[in-house]
Amino acid sequence: MATIQVKVKHVKEKYDVEVLLDEPVEVLKTQLFALTGVPPERQKITAGIKQITDDTDLKTAGLKPNQVLMLIGTADVLAAAEKVVFIEDIAASEMHGLIAAGVPFGLENLGNTCYMNSTFQMLANVEPLVRKMASHPPAASVLDPATELAKSARNLFFSLKRAHEPVAPHEF
């Protein structure tokens with residue numbers, strides 16, 4: 001039985017494979033499945049510019065000793081991507097389930113507030129910060145911008161916790 005030693009490259013690995021020239025390509029694909037985990041029906045094998053198909057006669061394919069063959073294919077079936085549904089796209093009749101499940105609502109984008117909104121929503125989930133702001137309300141000084149900012153943040157934290165729809169951060 002005629003054989004030839006070749007190298008098969010798949011992803012970043014190279015495999016030494018002994019090709020049985022008298023056997024059908026299916027035998028080669030089975031060998032490659034054992035090495036790579038790529039099922040035969042998802043294998044595409046190329047030898048230079050030639051593709052080795054199921055109909056290829058390996059004796060006349062012109063394979064040379066230590067020739068590099070390329071194996072293209074994936075071992076796992078790719079899972080279908082789950083469709084992402086944004087809260088803005090949910091009908092009002094379906095919102096009751098989200099509210100009952102305790103899904104938090106975020107901040108409404110007021111044009112160019114998305115970076116501020118994401119930062120603020122992240123801070124609203126830092127429980128020690130929220131508790132500290134709730135237990136120590138800032139003094140009532142209107143002249144101090146830091147105090148006003150802290151009061152606005154505290155009020156917005158509480159609005160987010162009670163919200164049944166996205167909150168507009170006008171005060172903040």
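In helix H5 of this predicted model, the buried residues are Thr147, Lys151, Ser152, Ala153, Arg154, Leu156, Phe157 and Leu160. What do these buried residues of H5 pack against? Their partners turn out to be helix H3 (114-123) and helix H4 (127-135). A bit of helix geometry is handy here: an α-helix has 3.6 residues a turn, so residues three or four places apart point the same way. The length of H5 checks out too. It covers residues 145-162, and at 1.5 Å a residue its 18 residues should span 26 Å; the C-alpha atoms at its ends are 26 Å apart, so expectation and model agree.

How far can the model be trusted? Averaged over the chain, pLDDT comes to 85, with 91% of the residues scoring at least 70. Among the elements of the chain, strand E5 has the highest mean pLDDT, at 96, while helix H2 (residues 95-101) has the lowest, at 71. As a rule of reading, where pLDDT is low, the predicted coordinates should not be read in detail.

That makes E5 a good place to look next. One face of E5 is covered and carries Leu69 and Leu71, whereas Val68, Met70 and Ile72 sit on the uncovered face. E5 runs parallel to strand E1 (residues 3-10), and three bridges join the two. With strand E3 (residues 44-47), E5 pairs in the antiparallel sense, again over three bridges. Met70 ties these pairings together: Lys9 stands opposite Met70, and so does Thr46.

Just ahead of E5 comes Gln67, in the loop that links strand E4 (50-52) to strand E5 (68-72). Which residues does Gln67 touch, leaving aside those up to four places away in sequence? They are Gln5, Val6, Lys7, Ala47, Gly48 and Gly62. Gln67 also has a polar contact, with a polar atom of its side chain lying 2.9 Å from the backbone nitrogen of Lys64.

Gly48, one of the residues touched by Gln67, belongs to another loop, the one between E3 and E4. Is Gly48 buried or exposed? Its relative accessibility is 59%, and because exposed means over 50%, Gly48 counts as exposed. Finally, Gly48 and Glu82 are 34 residues apart along the chain, and their C-alpha atoms are separated by 38 Å.

How values were computed:
Residues are numbered from 1 along each chain as its sequence is written. This is a predicted model: local features need pLDDT of at least 70, side-chain atom pairs count only at pLDDT 80 or more; totals for chains, interfaces and linings use all residues. Side-chain values use heavy atoms; hydrogens and water are left out. Helices (H or I, at least four residues) and strands (E, at least two) are DSSP runs, numbered from the N terminus. A polar contact is a pair of N or O atoms within 3.5 Å; within protein, one must be able to donate a hydrogen and the other to accept it, and residues adjacent in sequence count only if both atoms are side-chain atoms. Contact means heavy atoms within 4.5 Å. The expected span of a helix is 1.5 Å times one less than its number of residues. Buried means under 20% relative accessible area, exposed over 50%, partly exposed in between (1.4 Å probe, protein chains only). pLDDT is the predictor's confidence in each residue, from 0 to 100. Two strands pair if DSSP finds at least two bridges between them.
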